Amino acid sequence: MKLAAAVALGCLLPGSMSGMAAAQMTVSPAPEGFQGYLASLWPKAQELGVSRATFDRIVPTLTYNPRVVQLDRNQSDEVVINPNAPVAPFAPYRARQVNPTRIAMGRTVLERERAHLAEIEARTGVPAGVILGIYGHETNYGQFTGDFDLLRSLSTLAYDGRRRALFEGEFLSAMVMVERGAPREALTGSWAGAIGHPQFLPSVYLRLAQDGDGDGVAAIWNNQADAMASIAHYLQVAGYRRGEHWGYAVSVPAGLNRADLATNVTSPRCRRVFQRHSRWLTAAEWRARGVVFQRGEPEPDMMLSLIEPDGPGNTAYLLSGSYRAILDYNCSNFYALSVGLLADAIVR
């Protein structure tokens, strides 16, 4: 799942109505009003610094894309129909995402970009492996970035109205990108508006994209150096802690008192994701409870939280605060765990 899916689909979807009811209440407006709606956005675009010339050059070229609306509906119904469905096992997902081909490709990028990645790590504190773990998951190291016209997709989703506040803002942010020099023809990506090698939403691009090679442009749509620097900057701002490993594979004793470890904190976002984490204990306290680290030895006072993605009796993971920064990129435990595991495999 891309960043756009995490931000726009995962945590913002309503959960109080059935998929059928949602579909009945969110019938797309007639496309005949599409251009009129876009024209009405001029005052907002102007306020954000978009020139009249840019606005008039782009808006008349945009057409409604019913395929994007259908994809949005399908995603919505899939999540809304049964928000309390049992979580699938992690192992099959891990096998698909952390595979020999992706590991080998990551090592190739690491060897080619080692000096650059070392510079990024020194500046941001985000390890090369974690940068490549996200890069590999998002677009297979830039190979698959999506072929939907960004401005067409976002304008369609904004006009559709189901989540107008989100997508109208992203459409206007994309207009600002063009105003600031982003090539119109380069702005392609996922149907939900994620673009470039790191799959940033336009608002995220404006806030966090970085020029990684010093040429004055954060060209995440075709520049690997910019993409990697931007991923690292995102994680740095999200709270990745310098020198802190994301997590550790562990073996959990059969008699572990899991009820005693349940967290009493309710997350304001992605609640189901964070409900799977235990309360925080130090590494020393986990060892005292019989938990065995399979690889790596954290400092005794390092705070860690337990997750058992495949249930008792299978490999579990103790997660650090830096893991939460990966979750900020995409709020899915399966995603964040597989990013961490791919990161470890690449640098091993």
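## Ground rules

Contact here means heavy atoms within 4.5 Å. What you're looking at is a predicted model, where local features need pLDDT of at least 70, side-chain atom pairs count only at pLDDT 80 or more, and totals for chains, interfaces and linings use all residues. Residues are numbered from 1 along each chain as its sequence is written, and side-chain values use heavy atoms, with hydrogens and water left out.

## The chain as a whole

The chain's secondary structure comes to 19 helices and seven strands, taken as DSSP runs numbered from the N terminus (helices: H or I, at least four residues; strands: E, at least two). There are 348 residues, and 53% of them count as buried; that label means under 20% relative accessible area, with exposed being over 50% and partly exposed in between (1.4 Å probe, protein chains only).

Among contacts with a separation of 6 or more, 75% come from residues 24 or more positions apart. The accessible surface adds up to about 15,400 Å², and carbon and sulfur atoms own 53% of that (Shrake-Rupley method, 1.4 Å probe; for residues, only the protein chains shown count as cover).

## Helix H12 and Ser173

H12 covers residues 164–179, and its 16 residues reach 22 Å from first C-alpha to last, close to the expected 22 Å (1.5 Å times one less than the number of residues). Its buried residues include Phe167, Glu168, Glu170, Phe171 and Leu172. After the helix comes Gly181, with a positive phi near 115°.

Ser173 sits in H12 too, and it counts as buried because its relative accessibility is 11%. Leaving aside residues up to four places away in sequence, Ser173 touches Pro202, Ser203 and Leu206.

## H9 against H14

H9 (residues 114–124) packs on H14 (residues 224–238) at about 25°, with the axes 10 Å apart. So H9 is roughly parallel to H14, a label for angles under 35 degrees (over 145 is roughly antiparallel, 65 to 115 roughly perpendicular, the rest oblique). The axes are lines fitted to C-alpha atoms over the stretch in contact, and angles run from 0 to 180 degrees between N-to-C directions. From H9, the contact uses His116, Leu117, Ile120, Arg123 and Thr124; H14 supplies Ala225, Met228, Ala229, Ala232 and Gln236.

Glu121 also lies in H9. Because its relative accessibility is 31%, Glu121 counts as partly exposed. Beyond residues up to four places away in sequence, Glu121 touches Val126, Pro127, Ala128 and Arg242. Glu121 and Ile131 are 10 residues apart in sequence, with 9.1 Å between their C-alpha atoms.
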